[in-house]
Amino acid sequence: MKLYIGSDAAGYPLKESIKKHLIELGMEFEDVGTQDPEKPMDYFAVSDLVANAIQEGKADRGILVCSSGMGMSIIANKHKGVYAAVVESEWAALKCRAINNANCMCMGTNLVAPFQANLMVDRFLNTEFTEGMGARSDYLVWAYAEVQKLDEKLCK
């Protein structure tokens, strides 16, 4: 799996914690966000970089961290083929994949502790679309296809 990760200055400490977790898991990833809190990147620039990587096929999934996750998700969702979800719990990370097939997870450093973020990352990376959804799987596949049609119509 190709993974891109990024943060603005506010999300930098949590992003660095997540990076340590990913390294412990043996995951390879590209960090395109703030590298030094003294030289911060804006949330919209970082989100655009990660979303473009997903859109262009350089990344299968992305993780974005700012103070709330909301600004990052707004920008990421402007990109065709990028489905970004603001996630604040392990349960939400599981459901954003299983139900919505989200390929970008956004979180807020003001809302999520590092240990929670690691659990969320694990769920996000290890859950497949419709996993555990049983009888609802057919509906979810159909609904996702409908979302993709809207994506084609509304996004560039």
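User: What makes Asp 31 and Lys 15 a salt bridge?

Analyst: Their closest N and O atoms are 2.8 Å apart. A salt bridge needs a side-chain nitrogen of Lys or Arg within 4 Å of a carboxyl oxygen of Asp or Glu, so the pair of Asp 31 and Lys 15 qualifies. This is a predicted model, where local features need pLDDT of at least 70 and side-chain atom pairs count only at pLDDT 80 or more, while totals for chains, interfaces and linings use all residues. Residues are numbered from 1 along each chain as its sequence is written, and side-chain values use heavy atoms, leaving out hydrogens and water.

User: Are Asp 31 and Lys 15 buried or exposed?

Analyst: Both are buried, a word that stands for under 20% relative accessible area, with exposed for over 50% and partly exposed in between (1.4 Å probe, protein chains only).

User: Why is Lys 58 called partly exposed?

Analyst: Lys 58 has a relative accessible area of 47%, and partly exposed covers values between the buried and exposed cut-offs, so the term fits. The side chain of Lys 58 meets that of Glu 56 in a salt bridge, at 3.2 Å from N to O.

User: How do you know that Lys 80 and Glu 152 form a salt bridge?

Analyst: Happily, that one is simple: the closest N and O atoms are 3.4 Å apart, so the pair meets the salt-bridge definition.

User: And what makes Glu 152 exposed?

Analyst: Its relative accessible area is 53%, so Glu 152 passes the exposed cut-off. Lys 80, at 28% relative accessibility, counts as partly exposed.
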